[in-house]
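Hi,

Here is the structure I promised to pass on. Have a look at it first, and then read my notes underneath.

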Amino acid sequence: MAEEYLHTEFKKFKFRELKVYASTEWLADNKKKYRQVFDRYETTYVYAELSFYNKLFDVEDWEVEVELKCYSMKKSQKLLCSLPFRRKVSKYDHIMYIREGWGNKNEGAFWKKGTYYWEAWIEGEKVATKYFYVEDAGQEMLPGENPYLEVQSLKLYEGPYDDVIEDERIYFKTFSSEETRYIYVEISLRNLHTARSWHCELFTKFYNDARELKGQVVRLQRIDKRDEFIRITAGWGSNVKGSWRKDRYTAEIVFMDKLLAVVPFEVADEFEEGISGVLLPNRQAPVVLSPDESFNQTFDEVMVKLDALIGLDAIKTQVLDHAKYIQFLQLRKEKGFREKEEINVHSVFIGNPGTGKTTVAKMMGLLYKKMGLLTKGHVHEVDRVDLVGEYIGQTAPKVKEAIEKARGGVLFIDEAYALARSNDDSKDFGREVIEILVKEMSNGPGDLAVIVAGYPKEMKHFLDSNPGLKSRFKLYFEFSDYLPQELSQIADFACREKGVVLTGDAKKKIDEIIINAFRKRDRSFGNARFVYDLIEKSKVNLGLRIMSEDDPKSLDKERLSLIRLGDVEKIDVEAKPELPNIPVDEPLLKESLDQLYRLIGMENIKAQISELVRLVRFYRETNRDVLNSFFLHTVFIGNPGTGKTTVARILTQIYKALGVLERGHMVETDRQGLVAGHVGQTAIKTAERIDESMGGVLFIDEAYSLTQRAGSGGDFGDEAIQTLLKRMEDHRGRFFVFVAGYPDNMEAFLKANPGLNSRFDKILKFEDYTPKELNRIALQMLAEENVVPSPEAEDHIKEYLAFLHDYRDKYFGNARTVRNIVNEAIKNHNLRLAALSPEERAHTPANLLTIEDVQTFKTDKSSFVFNKQSIGFRRPAGE
């Protein structure tokens, strides 16, 4: 051993483990409370614990170089800290522990919601990476409260190492000591944090009666915001029977260092079926928890519950008729009739948000179960993000997984039209989803109802996107917006659910707000969601009023639940922030207009901009708001070098000077700055550019490239356009979009999407410069370089520019071509001077451009790099 460790390649360590924790509390055996998920409001420092084996144990002391790095994964990888240090490793330590942390001593001050990871380096070698997650439920976790989840049911069953499928599980209160292998806990939780997706880390700990830890299972699972319920199983034991001794045990469920529930059970001689009582922290006696009891309802009870829903009269009638027809078909089958087609349970739900589509889908799942068409009747809700993969080959597994999760119930696809974003994009990954769904609905194993939902126009496009898709859906349910009187009833129902009561005046005010909102509604109107939000805001105002009183604890229940008129009046349904009063910046306006007027040519554009300046001054003189009042999304059309970008920059400065824009800056980008390579990332990337340009101008050069690849697979230019259109509509007047490109391409760009043409208020057309204007530009550029052409040189440049103008095509560079010519002439001028001796150079004007410097510019077509093809017939050889 002594000879081995002296070898230069000998490693003195062997990596053991990298763990994460936040609590500095010590546990037995030199351990900490290791976790990977932390609540933002409880977290101060997050620590990394690096451990490795000392291979020079009992030989000699040595020093080790260690570096711990912590990274944030928000948007992109970002280094938060790098902690390098040297530590002495004692020969008496078989295992070496190194613990370091990062953060702030104040809870919630440093760590924000996101994904992070620690990276460990030993002697310059990266040995481990450990991820952890910080979650934010929007409020602190008060004692006895949990804003993330709620225990619904805990049940115990026995099985092998690889678990038991749900349909084959038998639940026990007592287990046989001789026959038991693994004891599993089936955990059902309700997701309370539905504002965003989050990570759930559950610890299931098995203790014997002496409170000795028999085993622990940790489950880390990402919870989607649409998941109403969370189901997790955790088991401990052995595949060898008899590993459980006769005793009393408990299985304890821990979440974020807080005890959720305890399930007591016993291991004895024989199995005893049943569901054990569960001990909850806030309950004195055990309670039996079981899943949603709605699954135990009869067919008639489900129909009564459906009929009790507010409004939806047409939907109720249609569902009832549908159910009766299915019963009729089942009766015929019992009597020996044979139907050519199977009973179709796939449906299309058409309607705006908050009109009850998800609620009805759940009831239809229960109805189908009671009628024997589905085995479970549950609803699995998904959208495009849940179904479409990021890379080729990832979509099919995601779709099949969603189908299997929904098997036995309803696969509810919200905003299904997003799966068919463009008729031209035949290779879009969303179309792969549609093809798999059509196949499943056509000849799959069954036991599945597919319900697709969305807006009317978009759903028609979705159903037309695949020839076989429309034929698979026989049932169409149109969910109309709730009427004001129905929304008023929903408000009463929401009050009962939230434990509040409206005074007469408060109720009148709520109804008044509902009617006004109903009259102004568009297809994004929230319906029931809007009403629920009203009651929630009223309840918040009630709470703020109560807590401002001297002794709120002395108030009775009636005072604590009564919403008054003032609580409702404080709700600002259409909150409009106060706008800054920005006066005209006269010096900046004069400077910008001077720059514009100094530009050669483009007289029509100068006239349009001058008209705008006069209009804004008129608004000012008549005391009308200017900021956010003008909607000046603009299209810049012209060939290369016609001044589009230059005018865009000047125009942005003019808007800033006039106070039309709050900040008046310009963010320049192109396709590469907006479009990403993976599903979902383009919308984020585009939104970031828009956020940067808020209060100013977003200038998109060569904007047509966003649509030119629409027929190629995996292109996301259309996603960028959709994001852009929505933000242009939602934030009208708060920022302007300038798009620039060549005439033919920009015409195709504006026609590629129906919403594009209507969003742009102005079109500025940049004509090619005339020969005279090109010559003026050349003389201006030479003057800027302090170079004066001789009369012969000036005439030659003028003649050459006229020649280029006569033979120009759509790729003619205009001012860019002039810039290249001037640069070439100046280079020739400098080379001529460089060839002279110092004595000759002393007698030669240094700034005079001569005919010799411009003679390389030939006025014949043979100098063209590419000869243009003419239209006609090729002359036969020999003629």
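Below is what turned up, grouped by topic.

Before the details: this is a predicted model, so local features need pLDDT of at least 70 and side-chain atom pairs count only at pLDDT 80 or more, while totals for chains, interfaces and linings use all residues. Residues are numbered from 1 along each chain as its sequence is written, and side-chain values use heavy atoms, with hydrogens and water left out.

**Strands**

Helices (H or I, at least four residues) and strands (E, at least two) are DSSP runs, numbered from the N terminus. Two strands pair if DSSP finds at least two bridges between them.

There is an open sheet of six strands in the order 13-12-15-16-10-17, and its pairing is mixed. At its edges sit strand 13 (213-223) and strand 17 (272-273), each of which pairs on one side only. Inside that order, strand 15 (residues 247-255) and strand 16 (residues 258-268) run antiparallel and share nine bridges. One pair to click on is Glu252, whose bridge partner in strand 16 is Val262.

Strand 18 (residues 347-351) is worth a look too. Five of its five residues are buried (under 20% relative accessible area; over 50% is exposed, partly exposed is in between; 1.4 Å probe, protein chains only), so the strand is largely enclosed by the rest of the structure. Both of its faces are covered, with Ser347, Phe349 and Gly351 buried on one side and Val348 and Ile350 on the other. Strand 18 runs parallel to strand 21 (residues 449-454), with four bridges between them, and Phe349 has Ala453 as its bridge partner there. Strand 18 is also parallel to strand 22 (residues 475-479), this time with five bridges; in that pairing Gly351 is matched with Phe479.

**Helices**

Helix 3 (residues 313-334) has 22 residues, which at 1.5 Å a residue should span 32 Å (1.5 Å times one less than the number of residues). Its end C-alpha atoms are 32 Å apart, which agrees. Buried in helix 3 are Ile315, Lys316, Val319, His322, Ala323, Ile326 and Leu329. Viewed down the helix axis, these buried residues fall within an arc of 155 degrees (taken from the directions from the axis to the C-beta atoms), so they line one face of helix 3. The face turned away from that buried side carries the exposed residues Asp313 and Ala314. After helix 3 comes Gly336, with a positive phi near 100 degrees.

Helix 19 (residues 681-693) has 13 residues and reaches 19 Å from its first C-alpha to its last, close to the 18 Å expected. Its buried residues are Thr682, Thr686, Ala687, Arg689, Ile690 and Ser693. They fall within an arc of 160 degrees seen down the axis, so they line one face of helix 19. What do they pack against? The partners (contact means heavy atoms within 4.5 Å) are strand 26 (666-669), helix 18 (671-674), strand 27 (697-701) and helix 20 (717-730). Just after helix 19, Gly695 takes a positive phi of about 90 degrees.

**Salt bridges**

The whole structure has 50 salt bridges (a side-chain nitrogen of Lys or Arg within 4 Å of a carboxyl oxygen of Asp or Glu). Among them is Lys258 with Glu42, at 2.6 Å, N to O. Lys258 lies in strand 16 and Glu42 in the loop between strand 2 (37-39) and strand 3 (45-54), so the pair ties together parts that are 216 residues apart in sequence. Lys258 is partly exposed at 28% relative accessible area, and Glu42 is partly exposed at 28%.

Arg169 and Glu186 also form a salt bridge, with their closest N and O atoms 2.6 Å apart. Both Arg169 and Glu186 are buried. Asp269 and Lys246 meet at 2.2 Å, N to O, and Lys246 is exposed at 53%. There is also a network of salt bridges linking Glu150, Arg190, Glu228 and Lys362.

**Cysteines**

How many disulfides does a search of the whole structure find? Zero, taking a disulfide as a pair of cysteine sulfur atoms within 2.5 Å. For Cys70, the nearest cysteine sulfur is that of Cys81, 5.0 Å away. Cys70 is buried, at 0% relative accessibility, and Cys200 is buried at 0% as well.

Cheers
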